[in-house]
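Here's a quick tour of a protein model. Have a look at it first, then read on for the main points.

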Amino acid sequence: MRGILIASAFVFALLAVVAMVLAFRTEHHIETNRAAGQAARGFGELSGLLQGQEILVGQYGQRPGIQQQYNARAEVIARRFTALEASPKDSLDAQALAGTYARFGEAARKFFAARDRGQTAVAERIDARTLDPVSTTLASEVTEVTELNADEADQSSSSLEGASEFMLVVLPIAFLLAGGALFVLARAGRRSQRAEAEARAEVRLLEHAALTDSLTGLRNHRAFEEDLAGALAEAGRTNAPLCLVSFDVDGLKQVNDSLGHQVGDRRLRQVAGAILAATTPSDGAYRVGGDEFALLLRGVGAWSGYSAGERVRGELSSAEVDIDVAAGVAEAKPLEGKFELVRHADLALLSAKRTHRQVIVYSPELDGTVEGEPVPANEHQLQVLSTALARAVDAKDTYTRSHSETVSNLCVMIGAELGLEPARVAKLRTAGLLHDVGKIGTPDAILNKPASLTEAEYETIKEHPVLGEEILSAADLDEEARWVRHHHERPDGEGYPDGLRGEDVPLESRIIGVADAFEAMISDRPDRQGRSETEALQELERFSGTQFDPGCVAALQAGLRVSSVLAPNGATVNGNAVAAPAPARPAESPA
């Protein structure tokens, strides 16, 4: 009996020791989990502040007071670094980040100084060589530290889970041997499970909140910066195209001032809804500023970005909301940094807003556009009047929407592929916009006729290039006038009004002809539905050399990022027969 009592006492004592050890380990993991979670939150908040600094640097020169905001935020960041350095656990990480931030601050000061001296080239060099790399390094380091602390919290949670599982095995035995020990261990087990669930939920919440805009539910500026850097790196590795579309909500400040911020917030959510409705889940949609949104499109070029911008505007129009957006489109060039790609999209957006256009594709002639600097009055008036004329022409034809602006952007893409000089591309953009201005003199009954035109009606509509030339010549746009006159000429001499052939047709006229025909074929008309882009390209390719210039057709295919689309034997595409145009009146090209 005494031996049994001693053995029982020994068993009870051993169980008590095991219970104490398990309880101690659980408490240790809980404390470790709590410390790691606090560190993750601290560095996450610091990440948000640093992101704000990057935004202010990017906006420097666009509005007053940027440097004062930058300096005020720098003081807040310094206090956060001091607080983190005071923690023994976080001290080394905080000191390393502080060193990188010091290099960022020095680069930012040099960037500000260069911009203040008007040394744009020096500022861009500092941006590309120092500021952008240091910014990327800083974002990477603070994200890495945050993720390390989150991982540590996860590991601690996993350890808690392991301890819980072990205790669940031991508890039944402990219950038989010692009711008191069972109670202690069960309580510790429940506590560890609750701590684990709370820790995991908090980590998930922090990760989601750090990358999401709370108003619209889209990904935020920090997520945009991270995704853009990753997309550019991927595009560099795979040589795949990458397109950025920047949006700006028209008149949001006036809405906030006159109707209140609640109405303004509702309109921002409507824009976000239109962007999501017009894109696919694989497209990256972001709110990157107060009234600014962005789309990051992987694997596609500028034309797809332009089409996405038009779809977003179409969604807003069909929803009948009193709000509109302007859009700028830029396609990434090889070895191009993220600041340069964003700058190109912003330049296109700025040009669209200044000229009252809807969506503009970036090309190098826009590089002279600087936000905050006025455009010469005569140039600004010409651009705005050109937009108004183009919209007046499009309004006459109820089946066209943004036809002139689409042709203008297609001309820019073709001209860029052909290597035209920026000044020539700028004139081509205007000529493409106004190529149909002569249709102001064409009766609406002919333009909107739902059936095929008679010979007399076709002869009437063929007069519009000549009238267009006269209108542009009266505005002292002599080169553009000549290109517009001949944009319906053909390489085989069967075009109009002068029957020019081959190289006698100006190159810009040949470009406009191909862009005009492509847009006409993919658009719905009174007597037919629009073709697919593949079918339209096939038709251009089939009549390349007779109706369309081969070099311009190839440049359009390159600009749209597609290869040859001609079906075997020129027979069908997607199961639809492709009709050849009659010599006197091309079947699928616009009049």
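A patch is made of residues with over 30% relative accessible area and no salt bridge, with like charges joined within 9 Å and nonpolar side chains (Val, Leu, Ile, Met, Phe, Trp, Tyr) joined within 5 Å. A salt bridge is a side-chain nitrogen of Lys or Arg within 4 Å of a carboxyl oxygen of Asp or Glu. Lys and Arg count as positive and Asp and Glu as negative, while His and the chain ends are not counted. A charge is placed at NZ of Lys, CZ of Arg, CG of Asp or CD of Glu.

This is a predicted model, where local features need pLDDT of at least 70, side-chain atom pairs count only at pLDDT 80 or more, and totals for chains, interfaces and linings use all residues. Residues are numbered from 1 along each chain as its sequence is written, and side-chain values use heavy atoms, leaving out hydrogens and water.

**The negative patch**
- Asp93, Glu144, Glu147, Asp151 and Glu207 form a negative patch on the surface.
- Helix α4 (residues 120–177) gives the patch its largest share, 3 residues.
- Glu207 sits in helix α5 (residues 179–211), and its relative accessible area of 47% makes Glu207 partly exposed (between buried, under 20%, and exposed, over 50%, with a 1.4 Å probe and protein chains only).

**Ser91**
- You'll find Ser91 in helix α3 (residues 91–116).
- Ser91 counts as buried because its relative accessibility is 15%.
- Beyond its neighbours within four places in sequence, Ser91 is in contact (heavy atoms within 4.5 Å) with Leu84 and Glu85.

**The whole chain**
- Of the 591 residues in the protein chain, 48% count as buried.

Key: Helices (H or I, at least four residues) and strands (E, at least two) are DSSP runs, numbered from the N terminus. Accessible areas come from the Shrake-Rupley method with a 1.4 Å probe; for residues, only the protein chains shown count as cover.
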